[in-house]
Structures are given as C-alpha cells and as structure tokens.
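Subject: Structure for you to look at

Hello,

Here is the structure I promised to pass on. Please open it next to this message and follow along.

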Amino acid sequence: MSKQTIAEKIRTLRKSKGLSQEALAEMAGINLRTLQRIENGDTIPRGETLRLLAQALGVEVETFSADTFTVPVAIPPAPVIDDPGALKLLNLSALSLWVMPFGNVLLPLAFWIYKRNSVAGVAEFGKRVLQFQIAWTVLTYGIAFIAMFSPFFGHLGMPQFALYATSALLVVNTIAIIWTHFQIGRRKDRILGLG
C-alpha cells in the first residue's frame, strides 16, 4: 500500500465516481481552475474548499487526511520462465523413494509448491506427477501394510506376495520416472498435455 497525496485522493475519488473535472467543480461550487490546480498538486485545498469537495464526492473531510487513505499498489506477477530442466528435476525428485519413505511424494510436492508459479508447465505437470506418486504410494504401502498386519493373509503366503508385489511396483515406478525424464526433452508439449 502506498499513501496518496490529497491531490491524488481527490482525483482517484472523482474518477471512481465517473465525474469529469467540470462536473465535480460544478457540484462542489468551486472554480474549475481551482480544482485543476488542486488535482495537479499546485495548491492544497483547505477549510471550506476541502469541505465542499468532500461533500460533492460523498465522503467525510477526514478521508483526505494523510493517515486514512491508502491505495493498493499493484505488484506485477513474477515472470514465468520456460525451463525443461526444472520439469526434469521435478520428475526425478520422485526417485527419492529409494532413500526415504514417502520421499516420492514429499520432494515433488515441495518442488511443485516452490516452482508452480514461476516455471512454465510445472503447475500441471507437477499435479500429474503427484497424482501418480500418491496412487503408487497408497497401493504399495497398502499391500505391505495388509501383509504385515493381517494374520489371515499370513497363512496364505501373503508376505511373499507383498514382497514380490512391492518390489515389482518399485521397479515399475522407477522405470516410469526415468522414461518420463527422457520424454520431457523430446516431447515436452505432449508430456505436459499441451499437444
């Protein structure tokens, strides 16, 4: 927020009400040239002139005090850059599943949050990576959980099945990550769902 001068406050209020300088001067009962000098900052309105302008604009005189009127300053959005390397890094961060549980979700999530508004394609591609990794995690850890804590399945050879299934899912996930890594450079638009 930045503070406005009285001249800027009057001009902003006048324009927000769709009034021309001539119309406001007439409504306030002051000379047009006086209003022009006020809005240009050549003179500061005081006393009766300030009261008449406030009345014509439908605001309190206090509106024009230095401490009560601020106008938001627009902050331009950060530029969005095209960086295939960032997309590859986002994808490869899912390989952290090899060194930490749930790393395949946590690292891509952190990367996605940090870069989604600054790198082209990260917002959509990151969502797809996260959806795949969350589904993979639920399936893989779900199988392992059932095998470890279900005595019924223990009698049916479930622990061996869970070990083989988990290993197979780990290999499939790793292959999918590596395949996507090489596809990003060649078919970026298709990978991002743009083509």
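**Gln 131 and its helix**

Gln 131 counts as exposed, because its relative accessibility is 56% and the cut-off for exposed is over 50%. You will find Gln 131 in helix H7. Look also at Val 105, which is 26 residues away from Gln 131 along the chain. The C-alpha atoms of these two residues are separated by 8.9 Å.

One caution before you go on: this is a predicted model.

**The chain as a whole**

The protein chain has 195 residues, and buried residues make up 33% of them. It holds ten helices and two strands. Read along the sequence, the pattern is β-α-α-α-α-β-α-α-α-α-α-α. Now take the contacts between residues at least 6 apart in sequence. Of these, 63% join residues at least 24 apart.

**What the record says**

UniProt has an unreviewed entry for this chain. That entry places the feature "transmembrane region" at residues 95-114, 134-155 and 161-182. Check two of those stretches in the model. Residues 161-182 are 100% helix and 0% strand. The end C-alpha atoms of that stretch are 32 Å apart. Over residues 95-114 the chain is 60% helix, again with 0% strand. There the end C-alpha atoms are 18 Å apart.

**Two loops**

Phe 102 sits in the loop between helix H5 (84-92) and helix H6 (103-115). Its phi is near 65 degrees. That is a positive value in a residue other than glycine. Is Phe 102 buried, partly exposed or exposed? Phe 102 is partly exposed, because its relative accessible area is 41%, between the limits of 20% and 50%.

Move on to the loop between H6 and H7, where Gly 121 has its place. Gly 121 counts as partly exposed too, with 26% relative accessibility. Pro 84 is 37 residues from Gly 121 in sequence. In space the two are 8.7 Å apart, C-alpha to C-alpha.

**The nonpolar cores**

In soluble globular proteins, nonpolar side chains tend to be buried together. Which residues have the most contacts inside the largest nonpolar core? They are Ile 10, Leu 24, Ile 30, Leu 35, Leu 53, Leu 57 and Phe 64, in a core of 15 residues. Four elements give two or more residues to this core: helix H1 (6-16), helix H2 (21-28), helix H3 (32-39) and helix H4 (47-57). H4 supplies the largest share, five residues.

Leu 53 is a good residue to click on. Leaving out residues up to four places away in sequence, Leu 53 touches Ile 10, Leu 24, Ala 28, Ile 30, Leu 35, Ile 38 and Pro 45. Another core lies apart from this one. It has twelve residues, including Leu 87, Leu 90, Val 105 and Trp 112.

**A buried glutamate**

Glu 39 lies in helix H3. Is Glu 39 buried or exposed? Glu 39 is buried, because its relative accessible area is 1% and buried means under 20%. What does Glu 39 touch, not counting residues up to four places away in sequence? The list is Ala 7, Ile 10, Arg 11, Arg 14 and Gln 21. Take Ala 7 from that list. Glu 39 and Ala 7 are 32 residues apart in sequence, yet 4.4 Å apart in space, C-alpha to C-alpha.

**The largest pocket**

Rolling a probe the size of a water molecule over the atoms shows where empty space is left. The largest pocket has a volume of about 210 Å³. Twelve residues line this pocket, and the closest to its centre are Asn 91, Arg 128, Val 129, Phe 132 and Thr 180. The elements that give two or more residues to the lining are helix H7 (122-149) and helix H9 (158-186). Which of the elements gives the most? H7 does, with five residues. By class, the lining has eight nonpolar, three polar and one charged residues.

Best wishes

Notes. Residues numbered from 1 in each chain as written. Predicted model: local features only at pLDDT ≥ 70, side-chain atom pairs only at ≥ 80, totals over all residues. Heavy atoms only, no water. UniProt positions renumbered as here; feature names shortened; annotations may be inferred. 1 Å grid on protein atoms, 1.4 Å probe; cavity = no way out; pocket = protein on both sides within 12 Å on 5 of 7 lines; lining within 4 Å. Points joined across faces, edges and corners; volume = space filled by probe spheres on them. Nonpolar A, V, L, I, M, F, W, Y, C, P; charged D, E, K, R; others polar. Core = buried A, V, L, I, M, F, W, Y, C linked by side-chain atoms within 4.5 Å. Buried < 20%, exposed > 50% of the residue type's maximum accessible area, 1.4 Å probe, protein only. Contact = heavy atoms within 4.5 Å.
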